[in-house]
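Reader: Please take a close look at the ligand site of this model. I would like the contacts, the make-up of the shell and how the site fits into the rest of the fold.

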Amino acid sequence: MPTLQLLRAEHFPAVLAFELANRAFFAARVPDRGDAYFEDFDHRLQTLLEEQNAGDGAFYLLVDGEGHVLGRFNLEFIGDGIAELGYRVAERETGRGVATAAVREVCRLAAESHGLRALRAVAATRNPASRKVLTKAGFLAAGQADPASLDGQPGTRYSLELGRAGQFALGDPTRPDSGHSA
Ligand SMILES: CC(C)(COP(=O)(O)OP(=O)(O)OC[C@H]1O[C@@H](n2cnc3c(N)ncnc32)[C@H](O)[C@@H]1OP(=O)(O)O)[C@@H](O)C(=O)NCCC(=O)NCCS
């Protein structure tokens, strides 16, 4: 049973393997990070770990029983109880509700473990799977995204207000479809 785990140093090799194995899949959907991203990869992850230890973010991995990374779900704290959510799932795991379930769980953790009051996300118009994940998790469309944040692509900003004690203010995200449209 895969579990969500906060990034730790011992995850670094599995995160690199995940990014390399799925690079072409991700690059077709979100801006590619370029070859430089993979050089000194441990240093980049170490920087994230320090950010996490400093209380500036929470970087969750979905890890299977053999230690393989199946997905990444990042919360970047931007102040005032708000975080930006980003995520990606291994190509071979897609189309089975993995992202939706993990995003819902990360939203719960955002409120209960990190004391956040709202999450923000952006999704490109050309990325219907990501937009579906957000709306199924209870996010609402909140206007046009800055194309600069999506490598020049048009897209939508999304927002989720988190209620107290992990309850969601907007709809019940445990329902198969929260009813919100993109
Ligand atoms: C977006 C991503 C995380 C989705 O992962 P996933 O585990 O397949 O997502 P889920 O299975 O939980 O849900 C995907 C939904 O999108 C739907 N979907 C997939 N492709 C679609 C398409 N081309 N058009 C419309 N809907 C589509 C699926 O049917 C599913 O909805 P359903 O459960 O109601 O049938 C994954 O594709 C990914 O990592 N993409 C690359 C990185 C990325 O885009 N990150 C998001 C940046 S904003």
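Author: In this predicted model, a backbone N or O atom of G95 comes to 2.7 Å from an oxygen atom of the ligand. A99 also takes part through its backbone: one of its polar backbone atoms is 3.0 Å from an oxygen atom of the ligand. With T100 the contact is made by the side chain, a polar atom of which lies 2.6 Å from a ligand oxygen atom. On its own the ligand has 960 Å² of accessible area, and the protein covers 71% of that. The space that the ligand takes up is the largest pocket.

The shell around the ligand holds 22 residues. G95 and T100 are among the closest of them, together with V89, N127 and K136. By residue class, the shell consists of 11 nonpolar, six polar and five charged residues.

Four elements each supply at least two residues of this shell: the helices α2 (23-27), α5 (98-112) and α6 (128-136), and the strand β4 (82-89). The largest share comes from α6, with six residues. Of the residues named above, A99 and T100 fall within the range of α5, V89 within that of β4 and K136 within that of α6.

These elements belong to a protein with six helices and seven strands. Read from the N terminus, the order is β-α-α-α-α-β-β-β-α-β-α-β-β. The protein has 182 residues, and 43% of them count as buried.

Just before α2 in the chain is a residue worth a separate look. N22 sits in the loop that links α1 (12-21) to α2. Is N22 buried or exposed? N22 is buried, because its relative accessible area is 6% and the cut-off for buried is under 20%. The side chain of N22 has a polar partner: one of its polar atoms is 2.9 Å from the backbone nitrogen of E91.

A second buried position is found in a strand. V69 belongs to β3, which spans residues 69-79. V69 also has a relative accessible area of 6%, so this residue counts as buried. Along the chain V69 and F12 are 57 residues apart, while their C-alpha atoms are separated by 9.8 Å.

The loop that follows β3 leads on to β4, and D80 is placed in that loop. The backbone of D80 has a positive phi, near 60°, in a residue other than glycine. Relative accessibility at D80 is 60%, and D80 therefore counts as exposed, since the cut-off for exposed is over 50%.

D151 can be set beside D80. D151 is not a glycine either, and its phi is positive at about 55°. The loop that holds D151 runs between β6 (140-144) and β7 (155-161). With 57% relative accessibility, D151 counts as exposed because that value is over the 50% cut-off.

To return to the site itself, the polar contacts described here involve the backbone of G95, the backbone of A99 and the side chain of T100. Around the ligand, α2, β4, α5 and α6 each give at least two residues to the shell, and nonpolar residues account for 11 of its members.

Note on methods. Residues numbered from 1 in each chain as written. Predicted model: local features only at pLDDT ≥ 70, side-chain atom pairs only at ≥ 80, totals over all residues. Heavy atoms only, no water. Near = heavy atom within 4 Å. Polar contact = N/O pair within 3.5 Å; in protein donor to acceptor, adjacent residues only side chain to side chain. Areas by Shrake-Rupley, 256 points an atom, 1.4 Å probe, with all protein chains shown as cover. 1 Å grid on protein atoms, 1.4 Å probe; cavity = no way out; pocket = protein on both sides within 12 Å on 5 of 7 lines; lining within 4 Å. Sits in = over half its atoms within 2 Å of the grid points. Nonpolar A, V, L, I, M, F, W, Y, C, P; charged D, E, K, R; others polar. Buried < 20%, exposed > 50% of the residue type's maximum accessible area, 1.4 Å probe, protein only.
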